[in-house]
Amino acid sequence: MAWLVLAVVVALFAQWPVREWFGSVTRLHIALNDYGQLFHATVFLVGAAYALAIDRHVRLDAFRSRFGARWRATIEVGGHILFVLPWLAVLAYFGADVVARSVSTWETFPETGTPGYPLMRLAFVVFVVLMAVASVARLLRATALFAPQKGT
Amino acid sequence: MAALLAALMFPTVLAILPLGFPVAFTVLGVALVYAVLGQLAGVFDLHLLSALPIRVLNLMDNDILQAIPLFIYVGAVMERTQMARDLLGSLASALGRRPAGLALATLVVGLLLAPTTGAIGATVVALGLLALPPMLSAGYDRSFAAGIATAVGTLGVVLPPSIILILVTDQMRIAVAAVQLPGGATSAFLMRKLYLGMVGPVALVVVGYLAVVLWRAVRRPDTVPAHPYAQSAGRALLNIVPPLAIFAVTLYAILSGRVYTVEAAGGAAIAITAWALVRRELTLRALGDVVRLVTRISGALFLLIMAAGTFSLVFRGFGGDRLARDLITTTLPPEAAVPAVFAALVVFGFFLDAIEIVFLVVPVAVPPLIALGGDPLWLGVLVALTLQTSFLLPPAGFAIFFMDQVRRNIGADEITMFTIYRGVLPFAAVQIVVLGAVLTWPVIATWLPGQN
(Lines give C-alpha, C1' and ligand atoms only; values in the text may rest on other atoms or scores of the structure.)
Protein backbone atom coordinates (compact mmCIF):
# COMPACT_ATOMS: atom_id res chain seq x y z
CA MET A 1 0.00 0.00 0.00
CA ALA A 2 2.81 2.35 0.91
CA TRP A 3 4.12 2.07 -2.65
CA LEU A 4 1.25 4.31 -3.65
CA VAL A 5 3.53 7.12 -2.46
CA LEU A 6 5.46 6.71 -5.71
CA ALA A 7 2.24 7.08 -7.71
CA VAL A 8 1.53 10.32 -5.85
CA VAL A 9 5.00 11.62 -6.67
CA VAL A 10 4.72 10.77 -10.36
CA ALA A 11 1.13 11.93 -10.88
CA LEU A 12 1.57 15.25 -9.11
CA PHE A 13 4.87 16.05 -10.78
CA ALA A 14 3.69 14.99 -14.24
CA GLN A 15 1.01 17.71 -14.12
CA TRP A 16 3.69 20.25 -14.95
CA PRO A 17 5.15 18.82 -18.22
CA VAL A 18 1.67 17.81 -19.33
CA ARG A 19 0.37 21.33 -18.75
CA GLU A 20 3.34 22.91 -20.52
CA TRP A 21 3.02 20.69 -23.58
CA PHE A 22 -0.64 19.86 -23.87
CA GLY A 23 -2.38 22.56 -21.85
CA SER A 24 -4.26 22.48 -18.58
CA VAL A 25 -7.68 21.59 -19.95
CA THR A 26 -6.59 18.34 -21.56
CA ARG A 27 -8.09 15.09 -20.34
CA LEU A 28 -4.67 13.79 -19.32
CA HIS A 29 -3.89 16.79 -17.13
CA ILE A 30 -7.25 16.67 -15.40
CA ALA A 31 -6.97 12.93 -14.83
CA LEU A 32 -3.50 13.30 -13.34
CA ASN A 33 -4.77 16.00 -11.03
CA ASP A 34 -7.84 14.04 -9.90
CA TYR A 35 -6.22 10.64 -9.49
CA GLY A 36 -3.16 12.23 -7.88
CA GLN A 37 -5.56 13.64 -5.30
CA LEU A 38 -7.12 10.20 -4.79
CA PHE A 39 -3.72 8.52 -4.34
CA HIS A 40 -2.60 11.25 -1.98
CA ALA A 41 -5.71 10.90 0.18
CA THR A 42 -5.43 7.11 0.23
CA VAL A 43 -1.83 7.33 1.37
CA PHE A 44 -2.53 9.53 4.36
CA LEU A 45 -5.68 7.67 5.37
CA VAL A 46 -4.01 4.27 5.28
CA GLY A 47 -0.93 5.85 6.87
CA ALA A 48 -2.95 7.07 9.84
CA ALA A 49 -4.13 3.53 10.57
CA TYR A 50 -0.66 2.12 9.93
CA ALA A 51 0.89 4.60 12.36
CA LEU A 52 -1.70 3.58 14.96
CA ALA A 53 -1.07 -0.13 14.40
CA ILE A 54 2.67 0.24 15.01
CA ASP A 55 2.17 2.92 17.68
CA ARG A 56 3.90 5.82 15.96
CA HIS A 57 1.44 8.65 16.55
CA VAL A 58 2.98 11.69 18.19
CA ARG A 59 2.88 11.63 21.97
CA LEU A 60 4.08 13.99 24.67
CA ASP A 61 6.74 11.70 26.07
CA ALA A 62 8.35 13.80 28.77
CA PHE A 63 6.30 12.42 31.67
CA ARG A 64 5.12 9.13 30.25
CA SER A 65 8.54 7.52 30.57
CA ARG A 66 8.26 7.91 34.33
CA PHE A 67 4.93 6.06 34.67
CA GLY A 68 4.81 2.39 35.57
CA ALA A 69 3.70 -0.21 33.04
CA ARG A 70 0.31 -0.60 34.70
CA TRP A 71 -0.42 3.13 34.64
CA ARG A 72 0.55 3.33 30.99
CA ALA A 73 -1.68 0.38 30.11
CA THR A 74 -4.60 2.00 31.94
CA ILE A 75 -4.13 5.20 29.96
CA GLU A 76 -4.05 3.25 26.70
CA VAL A 77 -7.22 1.33 27.50
CA GLY A 78 -9.05 4.46 28.65
CA GLY A 79 -7.94 6.42 25.62
CA HIS A 80 -9.06 3.87 23.08
CA ILE A 81 -12.44 3.28 24.72
CA LEU A 82 -13.20 6.92 25.52
CA PHE A 83 -11.56 8.77 22.63
CA VAL A 84 -10.61 6.72 19.57
CA LEU A 85 -13.47 4.27 19.16
CA PRO A 86 -16.30 6.79 19.79
CA TRP A 87 -14.73 9.14 17.23
CA LEU A 88 -14.67 6.37 14.64
CA ALA A 89 -18.27 5.53 15.54
CA VAL A 90 -19.29 9.15 14.86
CA LEU A 91 -17.52 9.06 11.48
CA ALA A 92 -19.21 5.78 10.57
CA TYR A 93 -22.67 6.82 11.78
CA PHE A 94 -22.83 10.20 10.07
CA GLY A 95 -20.65 9.23 7.11
CA ALA A 96 -22.62 6.20 5.96
CA ASP A 97 -25.20 8.27 4.06
CA VAL A 98 -22.70 10.32 2.10
CA VAL A 99 -20.78 7.24 1.07
CA ALA A 100 -23.88 5.25 0.15
CA ARG A 101 -25.26 8.09 -1.98
CA SER A 102 -21.97 8.57 -3.78
CA VAL A 103 -21.49 4.88 -4.54
CA SER A 104 -25.09 4.23 -5.60
CA THR A 105 -25.08 7.08 -8.14
CA TRP A 106 -21.43 6.48 -9.06
CA GLU A 107 -20.85 10.24 -9.19
CA THR A 108 -17.96 11.84 -11.08
CA PHE A 109 -15.29 14.18 -9.66
CA PRO A 110 -16.90 17.55 -8.95
CA GLU A 111 -15.95 20.29 -11.45
CA THR A 112 -13.97 18.02 -13.75
CA GLY A 113 -16.29 15.09 -14.43
CA THR A 114 -13.55 12.48 -14.23
CA PRO A 115 -15.16 9.10 -13.44
CA GLY A 116 -14.41 7.23 -10.23
CA TYR A 117 -15.07 9.77 -7.49
CA PRO A 118 -16.72 7.14 -5.22
CA LEU A 119 -13.27 5.56 -4.88
CA MET A 120 -12.53 8.60 -2.72
CA ARG A 121 -15.54 7.74 -0.52
CA LEU A 122 -14.48 4.10 -0.36
CA ALA A 123 -11.00 5.16 0.78
CA PHE A 124 -12.78 6.90 3.66
CA VAL A 125 -14.58 3.64 4.52
CA VAL A 126 -11.29 1.74 4.43
CA PHE A 127 -9.85 4.40 6.74
CA VAL A 128 -12.57 4.00 9.36
CA VAL A 129 -12.41 0.19 9.25
CA LEU A 130 -8.61 -0.01 9.42
CA MET A 131 -8.50 2.54 12.24
CA ALA A 132 -11.06 0.53 14.20
CA VAL A 133 -9.11 -2.70 13.72
CA ALA A 134 -5.85 -1.02 14.73
CA SER A 135 -7.48 0.61 17.75
CA VAL A 136 -8.95 -2.68 19.00
CA ALA A 137 -5.59 -4.37 18.46
CA ARG A 138 -3.82 -1.73 20.57
CA LEU A 139 -6.55 -2.01 23.18
CA LEU A 140 -6.17 -5.79 23.50
CA ARG A 141 -2.41 -5.45 23.63
CA ALA A 142 -2.69 -2.98 26.50
CA THR A 143 -5.16 -5.13 28.46
CA ALA A 144 -2.78 -8.08 28.16
CA LEU A 145 -0.58 -6.20 30.61
CA PHE A 146 -3.23 -6.58 33.31
CA ALA A 147 -3.17 -10.37 33.10
CA PRO A 148 -1.30 -11.90 36.02
CA GLN A 149 2.23 -12.64 34.96
CA LYS A 150 4.63 -15.15 36.35
CA GLY A 151 7.32 -13.72 38.54
CA THR A 152 5.71 -10.35 39.01
CA MET B 1 -22.86 27.30 30.35
CA ALA B 2 -21.81 27.01 26.70
CA ALA B 3 -19.20 29.70 27.26
CA LEU B 4 -17.87 27.89 30.31
CA LEU B 5 -17.53 24.59 28.44
CA ALA B 6 -15.86 26.34 25.49
CA ALA B 7 -13.42 28.06 27.83
CA LEU B 8 -12.55 24.76 29.52
CA MET B 9 -11.80 22.85 26.30
CA PHE B 10 -8.27 24.14 25.73
CA PRO B 11 -7.14 23.74 29.36
CA THR B 12 -8.53 20.19 29.44
CA VAL B 13 -6.47 19.19 26.41
CA LEU B 14 -3.36 20.73 27.92
CA ALA B 15 -4.00 18.91 31.20
CA ILE B 16 -4.48 15.50 29.57
CA LEU B 17 -1.61 15.67 27.08
CA PRO B 18 1.11 14.92 29.68
CA LEU B 19 -0.52 11.50 30.28
CA GLY B 20 1.17 10.58 27.03
CA PHE B 21 -1.79 9.34 25.00
CA PRO B 22 -1.26 10.30 21.32
CA VAL B 23 -1.83 14.02 20.84
CA ALA B 24 -4.27 13.67 17.95
CA PHE B 25 -6.51 11.26 19.86
CA THR B 26 -6.38 13.38 22.99
CA VAL B 27 -7.50 16.46 21.06
CA LEU B 28 -10.36 14.76 19.22
CA GLY B 29 -11.37 12.73 22.28
CA VAL B 30 -11.62 15.75 24.57
CA ALA B 31 -13.76 17.46 21.92
CA LEU B 32 -16.13 14.49 21.80
CA VAL B 33 -16.41 14.30 25.59
CA TYR B 34 -17.29 17.99 25.70
CA ALA B 35 -19.84 17.51 22.94
CA VAL B 36 -21.57 14.85 25.04
CA LEU B 37 -21.36 17.04 28.17
CA GLY B 38 -22.84 19.89 26.16
CA GLN B 39 -25.70 17.72 24.95
CA LEU B 40 -26.42 16.63 28.54
CA ALA B 41 -26.38 20.26 29.67
CA GLY B 42 -28.65 21.17 26.79
CA VAL B 43 -26.26 23.65 25.16
CA PHE B 44 -24.93 21.49 22.34
CA ASP B 45 -26.65 19.54 19.62
CA LEU B 46 -24.88 16.25 18.88
CA HIS B 47 -26.21 16.42 15.34
CA LEU B 48 -23.60 19.09 14.68
CA LEU B 49 -21.16 16.19 14.61
CA SER B 50 -22.67 15.08 11.32
CA ALA B 51 -20.30 17.64 9.78
CA LEU B 52 -17.38 15.53 10.96
CA PRO B 53 -17.23 13.01 8.09
CA ILE B 54 -17.68 15.91 5.68
CA ARG B 55 -14.62 17.57 7.18
CA VAL B 56 -12.55 14.44 6.65
CA LEU B 57 -13.84 14.11 3.08
CA ASN B 58 -13.00 17.77 2.41
CA LEU B 59 -9.53 17.20 3.78
CA MET B 60 -9.16 14.40 1.21
CA ASP B 61 -10.15 16.87 -1.52
CA ASN B 62 -7.83 19.63 -0.30
CA ASP B 63 -5.21 20.16 -2.98
CA ILE B 64 -2.96 22.68 -1.19
CA LEU B 65 -1.91 19.94 1.18
CA GLN B 66 -0.82 17.56 -1.60
CA ALA B 67 2.71 18.94 -1.45
CA ILE B 68 3.14 17.71 2.12
CA PRO B 69 3.80 13.98 1.52
CA LEU B 70 6.07 14.95 -1.36
CA PHE B 71 8.31 17.11 0.80
CA ILE B 72 8.26 14.43 3.50
CA TYR B 73 9.43 12.00 0.82
CA VAL B 74 12.39 14.23 -0.05
CA GLY B 75 13.41 14.38 3.60
CA ALA B 76 12.93 10.63 4.04
CA VAL B 77 15.20 9.83 1.08
CA MET B 78 17.92 12.12 2.44
CA GLU B 79 17.63 10.60 5.87
CA ARG B 80 17.34 6.92 4.92
CA THR B 81 20.23 6.99 2.45
CA GLN B 82 23.67 8.25 3.44
CA MET B 83 22.92 11.53 1.68
CA ALA B 84 22.33 13.71 4.78
CA ARG B 85 25.22 12.13 6.66
CA ASP B 86 27.60 12.55 3.72
CA LEU B 87 26.47 16.12 3.23
CA LEU B 88 27.26 16.92 6.84
CA GLY B 89 30.59 15.07 6.64
CA SER B 90 31.67 16.85 3.48
CA LEU B 91 30.59 20.26 4.71
CA ALA B 92 32.50 19.55 7.89
CA SER B 93 35.60 18.70 5.90
CA ALA B 94 35.23 21.82 3.80
CA LEU B 95 34.52 24.14 6.74
CA GLY B 96 35.99 22.19 9.62
CA ARG B 97 39.52 23.45 9.25
CA ARG B 98 38.43 26.61 10.99
CA PRO B 99 36.82 27.06 14.38
CA ALA B 100 33.03 26.69 14.36
CA GLY B 101 33.15 24.98 10.96
CA LEU B 102 31.08 22.06 12.22
CA ALA B 103 28.49 24.46 13.60
CA LEU B 104 28.20 26.13 10.19
CA ALA B 105 27.90 22.72 8.54
CA THR B 106 25.04 21.92 10.95
CA LEU B 107 23.34 25.16 9.99
CA VAL B 108 23.51 24.36 6.27
CA VAL B 109 22.30 20.77 6.69
CA GLY B 110 19.48 22.07 8.86
CA LEU B 111 18.46 24.58 6.21
CA LEU B 112 18.14 21.69 3.76
CA LEU B 113 16.48 19.13 6.00
CA ALA B 114 14.20 21.24 8.14
CA PRO B 115 11.57 22.32 5.59
CA THR B 116 10.87 18.72 4.62
CA THR B 117 9.46 17.60 7.94
CA GLY B 118 6.10 18.70 9.24
CA ALA B 119 6.82 18.15 12.90
CA ILE B 120 9.37 20.19 14.80
CA GLY B 121 9.97 17.27 17.11
CA ALA B 122 10.99 15.03 14.23
CA THR B 123 13.38 17.61 12.75
CA VAL B 124 15.08 18.34 16.03
CA VAL B 125 15.55 14.63 16.70
CA ALA B 126 16.84 13.86 13.18
CA LEU B 127 19.21 16.80 13.17
CA GLY B 128 20.33 16.21 16.74
CA LEU B 129 21.18 12.57 16.10
CA LEU B 130 23.07 13.59 12.97
CA ALA B 131 24.97 16.64 14.16
CA LEU B 132 25.36 16.46 17.93
CA PRO B 133 27.72 13.44 18.17
CA PRO B 134 30.34 14.86 15.73
CA MET B 135 30.29 18.24 17.49
CA LEU B 136 30.71 16.64 20.91
CA SER B 137 33.53 14.35 19.78
CA ALA B 138 35.27 17.33 18.18
CA GLY B 139 35.37 18.90 21.63
CA TYR B 140 32.67 21.56 21.18
CA ASP B 141 31.22 23.30 24.19
CA ARG B 142 28.32 20.99 25.06
CA SER B 143 25.83 23.68 25.68
CA PHE B 144 26.63 25.51 22.42
CA ALA B 145 26.46 22.27 20.41
CA ALA B 146 23.07 21.35 21.87
CA GLY B 147 21.87 24.93 21.41
CA ILE B 148 22.66 25.24 17.73
CA ALA B 149 21.32 21.78 16.89
CA THR B 150 18.03 22.65 18.64
CA ALA B 151 17.73 26.10 17.09
CA VAL B 152 18.50 24.95 13.55
CA GLY B 153 15.91 22.19 13.94
CA THR B 154 13.17 24.78 14.38
CA LEU B 155 13.97 26.58 11.12
CA GLY B 156 11.60 24.16 9.43
CA VAL B 157 8.69 26.29 10.59
CA VAL B 158 9.74 29.45 8.81
CA LEU B 159 11.96 28.42 5.91
CA PRO B 160 10.16 27.98 2.56
CA PRO B 161 9.02 25.49 1.30
CA SER B 162 8.20 24.57 4.89
CA ILE B 163 5.31 22.19 5.40
CA ILE B 164 4.11 24.33 8.30
CA LEU B 165 3.82 27.32 5.95
CA ILE B 166 1.60 25.23 3.68
CA LEU B 167 -0.66 24.58 6.66
CA VAL B 168 -0.61 28.25 7.64
CA THR B 169 -1.66 29.16 4.10
CA ASP B 170 -4.55 26.72 4.28
CA GLN B 171 -5.77 28.13 7.58
CA MET B 172 -5.19 31.78 6.63
CA ARG B 173 -7.40 31.28 3.57
CA ILE B 174 -10.18 30.17 5.86
CA ALA B 175 -9.52 33.04 8.25
CA VAL B 176 -9.56 35.59 5.42
CA ALA B 177 -12.77 34.13 4.03
CA ALA B 178 -14.36 34.29 7.49
CA VAL B 179 -13.88 38.04 7.63
CA GLN B 180 -16.09 40.02 5.32
CA LEU B 181 -13.81 42.83 4.27
CA PRO B 182 -15.67 46.08 3.64
CA GLY B 183 -16.38 46.40 -0.06
CA GLY B 184 -16.09 42.67 -0.47
CA ALA B 185 -12.52 43.02 -1.68
CA THR B 186 -11.27 39.65 -0.54
CA SER B 187 -7.95 38.83 -2.10
CA ALA B 188 -6.86 35.20 -2.17
CA PHE B 189 -4.17 34.25 0.31
CA LEU B 190 -1.47 32.71 -1.88
CA MET B 191 1.11 30.24 -0.68
CA ARG B 192 3.74 31.82 -2.92
CA LYS B 193 3.11 35.22 -1.34
CA LEU B 194 3.58 33.77 2.12
CA TYR B 195 6.82 32.12 1.01
CA LEU B 196 8.01 35.46 -0.36
CA GLY B 197 6.92 37.18 2.83
CA MET B 198 9.06 34.79 4.87
CA VAL B 199 12.21 35.58 2.89
CA GLY B 200 13.03 38.82 4.72
CA PRO B 201 12.41 37.59 8.28
CA VAL B 202 14.15 34.25 7.63
CA ALA B 203 17.17 36.07 6.21
CA LEU B 204 17.33 38.11 9.42
CA VAL B 205 17.07 34.96 11.55
CA VAL B 206 19.80 33.17 9.60
CA VAL B 207 22.07 36.23 9.76
CA GLY B 208 21.45 36.35 13.50
CA TYR B 209 22.34 32.67 13.91
CA LEU B 210 25.47 33.22 11.82
CA ALA B 211 26.41 36.12 14.04
CA VAL B 212 26.04 33.95 17.15
CA VAL B 213 28.26 31.26 15.61
CA LEU B 214 30.90 33.68 14.31
CA TRP B 215 31.00 35.62 17.54
CA ARG B 216 31.90 32.40 19.30
CA ALA B 217 34.47 31.45 16.68
CA VAL B 218 36.21 34.78 17.21
CA ARG B 219 35.84 35.26 20.96
CA ARG B 220 35.95 31.70 22.28
CA PRO B 221 37.59 29.57 19.54
CA ASP B 222 38.57 26.94 22.12
CA THR B 223 34.88 26.09 22.65
CA VAL B 224 34.32 25.43 18.94
CA PRO B 225 37.64 23.86 17.91
CA ALA B 226 38.67 23.23 14.33
CA HIS B 227 38.13 19.69 13.25
CA PRO B 228 40.59 18.66 10.51
CA TYR B 229 38.97 15.90 8.59
CA ALA B 230 40.48 14.67 5.35
CA GLN B 231 38.30 14.31 2.30
CA SER B 232 39.18 15.07 -1.32
CA ALA B 233 37.65 18.22 -2.73
CA GLY B 234 36.01 16.26 -5.57
CA ARG B 235 34.33 13.85 -3.20
CA ALA B 236 33.15 16.74 -1.02
CA LEU B 237 31.67 18.65 -3.96
CA LEU B 238 29.86 15.52 -5.13
CA ASN B 239 28.23 15.22 -1.72
CA ILE B 240 27.40 18.88 -1.32
CA VAL B 241 26.36 20.25 -4.71
CA PRO B 242 23.51 17.96 -5.88
CA PRO B 243 21.29 18.20 -2.76
CA LEU B 244 21.92 21.95 -2.54
CA ALA B 245 21.12 22.34 -6.23
CA ILE B 246 17.86 20.37 -5.95
CA PHE B 247 16.83 22.52 -3.01
CA ALA B 248 17.78 25.77 -4.74
CA VAL B 249 16.02 24.92 -8.02
CA THR B 250 12.86 23.83 -6.20
CA LEU B 251 12.75 27.01 -4.17
CA TYR B 252 13.44 29.18 -7.20
CA ALA B 253 10.76 27.42 -9.25
CA ILE B 254 8.18 28.04 -6.52
CA LEU B 255 9.14 31.61 -5.62
CA SER B 256 9.34 32.73 -9.24
CA GLY B 257 5.83 31.41 -9.76
CA ARG B 258 6.86 29.28 -12.75
CA VAL B 259 5.32 26.10 -11.37
CA TYR B 260 2.87 25.24 -8.61
CA THR B 261 4.31 24.20 -5.27
CA VAL B 262 2.89 20.70 -5.64
CA GLU B 263 4.60 20.20 -8.98
CA ALA B 264 7.89 21.58 -7.72
CA ALA B 265 7.67 19.25 -4.74
CA GLY B 266 7.06 16.33 -7.11
CA GLY B 267 10.04 17.45 -9.17
CA ALA B 268 12.25 17.60 -6.08
CA ALA B 269 11.09 14.11 -5.09
CA ILE B 270 11.96 12.72 -8.51
CA ALA B 271 15.32 14.50 -8.61
CA ILE B 272 16.32 13.26 -5.17
CA THR B 273 15.26 9.72 -6.12
CA ALA B 274 17.35 9.91 -9.30
CA TRP B 275 20.37 11.16 -7.38
CA ALA B 276 19.99 8.39 -4.79
CA LEU B 277 19.86 5.87 -7.65
CA VAL B 278 23.02 7.32 -9.18
CA ARG B 279 24.69 6.97 -5.78
CA ARG B 280 23.55 3.31 -5.86
CA GLU B 281 21.95 3.70 -2.47
CA LEU B 282 18.33 3.22 -3.33
CA THR B 283 17.80 -0.52 -3.25
CA LEU B 284 14.26 -1.80 -3.42
CA ARG B 285 14.47 -2.39 0.30
CA ALA B 286 15.60 1.16 1.06
CA LEU B 287 12.84 2.54 -1.15
CA GLY B 288 10.38 0.34 0.74
CA ASP B 289 11.63 1.89 3.98
CA VAL B 290 11.20 5.36 2.53
CA VAL B 291 7.63 4.88 1.29
CA ARG B 292 6.56 3.27 4.57
CA LEU B 293 8.12 6.16 6.48
CA VAL B 294 6.33 8.71 4.26
CA THR B 295 3.03 6.85 4.64
CA ARG B 296 3.11 6.78 8.39
CA ILE B 297 4.39 10.33 8.84
CA SER B 298 1.72 11.69 6.47
CA GLY B 299 -0.85 9.57 8.26
CA ALA B 300 0.14 10.92 11.66
CA LEU B 301 0.18 14.48 10.32
CA PHE B 302 -3.21 14.35 8.62
CA LEU B 303 -4.74 12.67 11.64
CA LEU B 304 -3.62 15.68 13.68
CA ILE B 305 -5.40 17.88 11.16
CA MET B 306 -8.58 15.81 11.49
CA ALA B 307 -8.30 16.00 15.28
CA ALA B 308 -7.94 19.76 15.18
CA GLY B 309 -10.95 19.87 12.83
CA THR B 310 -13.01 17.89 15.32
CA PHE B 311 -11.96 20.18 18.14
CA SER B 312 -12.77 23.38 16.30
CA LEU B 313 -16.15 21.99 15.19
CA VAL B 314 -17.19 21.42 18.80
CA PHE B 315 -15.59 24.68 19.95
CA ARG B 316 -17.63 26.56 17.38
CA GLY B 317 -20.71 24.59 18.39
CA PHE B 318 -20.36 26.19 21.82
CA GLY B 319 -19.91 29.61 20.24
CA GLY B 320 -16.26 29.63 21.31
CA ASP B 321 -15.11 31.52 18.25
CA ARG B 322 -17.49 34.40 18.99
CA LEU B 323 -16.29 34.37 22.57
CA ALA B 324 -12.67 34.64 21.46
CA ARG B 325 -13.54 37.39 19.00
CA ASP B 326 -15.28 39.46 21.64
CA LEU B 327 -12.39 38.90 24.01
CA ILE B 328 -9.90 40.12 21.41
CA THR B 329 -11.82 42.97 19.84
CA THR B 330 -13.69 44.51 22.77
CA THR B 331 -11.67 43.92 25.92
CA LEU B 332 -8.31 44.88 24.44
CA PRO B 333 -7.25 48.23 23.00
CA PRO B 334 -6.72 47.66 19.25
CA GLU B 335 -2.99 48.29 19.39
CA ALA B 336 -2.60 45.62 22.10
CA ALA B 337 -4.61 42.97 20.25
CA VAL B 338 -1.85 41.72 17.98
CA PRO B 339 0.85 41.43 20.68
CA ALA B 340 -1.64 39.80 23.07
CA VAL B 341 -2.69 37.15 20.59
CA PHE B 342 0.90 36.33 19.70
CA ALA B 343 1.88 36.16 23.36
CA ALA B 344 -0.88 33.56 23.79
CA LEU B 345 0.53 31.72 20.79
CA VAL B 346 3.90 31.51 22.54
CA VAL B 347 2.25 29.81 25.51
CA PHE B 348 0.63 27.23 23.23
CA GLY B 349 4.07 26.55 21.77
CA PHE B 350 5.08 25.16 25.15
CA PHE B 351 2.57 22.35 24.88
CA LEU B 352 1.76 21.66 21.25
CA ASP B 353 3.64 21.12 18.04
CA ALA B 354 3.22 23.52 15.14
CA ILE B 355 0.51 21.61 13.27
CA GLU B 356 -1.90 21.55 16.19
CA ILE B 357 -1.41 25.22 16.94
CA VAL B 358 -1.92 26.25 13.33
CA PHE B 359 -5.17 24.31 13.14
CA LEU B 360 -6.51 24.99 16.63
CA VAL B 361 -5.51 28.56 17.31
CA VAL B 362 -5.24 30.34 13.96
CA PRO B 363 -8.90 29.90 12.91
CA VAL B 364 -10.02 31.26 16.29
CA ALA B 365 -7.53 34.04 16.95
CA VAL B 366 -6.60 35.42 13.54
CA PRO B 367 -9.95 36.49 12.00
CA PRO B 368 -10.52 39.15 14.71
CA LEU B 369 -7.07 40.57 13.97
CA ILE B 370 -7.88 40.74 10.26
CA ALA B 371 -11.15 42.43 11.14
CA LEU B 372 -9.16 44.99 13.13
CA GLY B 373 -7.27 45.81 9.95
CA GLY B 374 -4.23 43.56 10.19
CA ASP B 375 -2.65 42.61 6.86
CA PRO B 376 -3.32 38.84 6.48
CA LEU B 377 0.10 38.28 4.91
CA TRP B 378 1.86 40.03 7.78
CA LEU B 379 -0.19 38.04 10.30
CA GLY B 380 0.68 34.76 8.53
CA VAL B 381 4.38 35.59 8.71
CA LEU B 382 4.02 36.50 12.38
CA VAL B 383 2.25 33.22 13.14
CA ALA B 384 5.12 31.20 11.68
CA LEU B 385 7.80 33.32 13.33
CA THR B 386 6.07 33.26 16.71
CA LEU B 387 5.68 29.50 16.63
CA GLN B 388 9.33 29.00 15.83
CA THR B 389 10.33 31.33 18.64
CA SER B 390 8.10 29.66 21.20
CA PHE B 391 9.65 26.25 20.46
CA LEU B 392 13.03 27.63 21.48
CA LEU B 393 12.08 29.49 24.64
CA PRO B 394 13.27 28.04 27.94
CA PRO B 395 11.98 26.62 30.13
CA ALA B 396 9.26 24.81 28.23
CA GLY B 397 9.96 25.28 24.52
CA PHE B 398 8.85 22.24 22.59
CA ALA B 399 12.13 21.74 20.69
CA ILE B 400 14.11 21.69 23.94
CA PHE B 401 12.26 18.60 25.14
CA PHE B 402 13.12 16.82 21.94
CA MET B 403 16.79 17.70 22.26
CA ASP B 404 16.62 16.22 25.73
CA GLN B 405 15.38 12.99 24.11
CA VAL B 406 18.27 13.10 21.65
CA ARG B 407 20.91 13.42 24.33
CA ARG B 408 19.35 10.49 26.20
CA ASN B 409 19.36 8.54 22.94
CA ILE B 410 23.05 9.09 22.28
CA GLY B 411 23.90 8.58 25.93
CA ALA B 412 25.32 12.08 26.43
CA ASP B 413 24.66 12.11 30.17
CA GLU B 414 26.91 15.10 30.72
CA ILE B 415 24.27 17.22 28.96
CA THR B 416 21.41 18.29 31.22
CA MET B 417 18.27 20.23 30.54
CA PHE B 418 20.09 23.26 31.92
CA THR B 419 22.94 22.77 29.44
CA ILE B 420 20.43 22.91 26.62
CA TYR B 421 18.73 26.02 28.08
CA ARG B 422 22.02 27.85 28.19
CA GLY B 423 22.93 26.87 24.65
CA VAL B 424 19.56 27.86 23.24
CA LEU B 425 19.46 31.31 24.87
CA PRO B 426 21.48 33.31 22.29
CA PHE B 427 19.41 31.81 19.47
CA ALA B 428 16.17 32.52 21.31
CA ALA B 429 17.40 36.11 21.71
CA VAL B 430 17.87 36.35 17.93
CA GLN B 431 14.31 35.10 17.46
CA ILE B 432 12.87 37.67 19.84
CA VAL B 433 14.73 40.52 18.17
CA VAL B 434 13.53 39.46 14.69
CA LEU B 435 9.98 38.92 15.95
CA GLY B 436 10.00 42.38 17.53
CA ALA B 437 11.33 43.88 14.32
CA VAL B 438 8.62 42.30 12.15
CA LEU B 439 5.95 43.38 14.66
CA THR B 440 7.24 46.95 14.57
CA TRP B 441 8.05 47.17 10.85
CA PRO B 442 5.60 44.96 8.89
CA VAL B 443 7.39 46.07 5.74
CA ILE B 444 10.11 43.45 6.42
CA ALA B 445 7.50 40.82 5.60
CA THR B 446 5.30 42.61 3.09
CA TRP B 447 7.84 44.34 0.84
CA LEU B 448 9.00 41.39 -1.25
CA PRO B 449 5.53 39.90 -1.92
CA GLY B 450 4.39 43.39 -2.94
CA GLN B 451 7.03 43.55 -5.67
CA ASN B 452 5.48 40.87 -7.87
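**Exercise 1. Locate B:Pro161 and describe the peptide bond that joins B:Pro160 and B:Pro161.**

Start with the position: in this predicted model, B:Pro161 lies in the loop between α8 (142–153) and α9 (163–178) of chain B, where helices are DSSP runs of H or I with at least four residues, numbered from the N terminus. Then turn to the bond, which is a cis peptide bond between B:Pro160 and B:Pro161, with omega at about 0°.

Residues are numbered from 1 along each chain as its sequence is written, and chains are lettered from A in the order in which they are written. Local features need pLDDT of at least 70, side-chain atom pairs count only at pLDDT 80 or more, totals for chains, interfaces and linings use all residues, and side-chain values use heavy atoms, with hydrogens and water left out.

**Exercise 2. Decide whether B:Ala100 is buried or exposed, and state where it lies.**

First, B:Ala100 is placed in the loop between α5 (83–95) and α6 (101–113) of chain B. Next, although B:Ala100 is not a glycine, it has a positive phi of about 70°. Finally, B:Ala100 counts as buried because its relative accessibility is 1%; buried means under 20% relative accessible area, exposed over 50%, and partly exposed in between, with a 1.4 Å probe and protein chains only.

**Exercise 3. Treat A:Trp106 in the same steps.**

A:Trp106 sits in the loop between α3 and α4 of chain A, and it has a positive phi of about 45° although it is not a glycine. Its relative accessibility is 46%, and therefore A:Trp106 counts as partly exposed.

**Exercise 4. Find which residues A:His40 is in contact with.**

A:His40 is found in helix α2 of chain A, and it counts as buried because its relative accessibility is 1%. Leaving aside neighbours within four places in sequence, A:His40 is in contact (heavy atoms within 4.5 Å) with A:Val8, B:Asn62, B:Leu65, B:Gln66, B:Pro69 and B:Phe302.

**Exercise 5. Describe the interface of chain A and chain B.**

Begin with the residues: chain A gives 57 and chain B gives 63 to the contact. The buried area, meaning the accessible area (1.4 Å probe) that two parts lose on being put together, summed over both, is about 5,300 Å², and carbon and sulfur atoms give 77% of it. Last, the rule finds zero salt bridges across this interface, a salt bridge being a side-chain nitrogen of Lys or Arg within 4 Å of a carboxyl oxygen of Asp or Glu.

Key:
Helix = DSSP H or I, 4+ residues; strand = E, 2+ residues; numbered from the N terminus.
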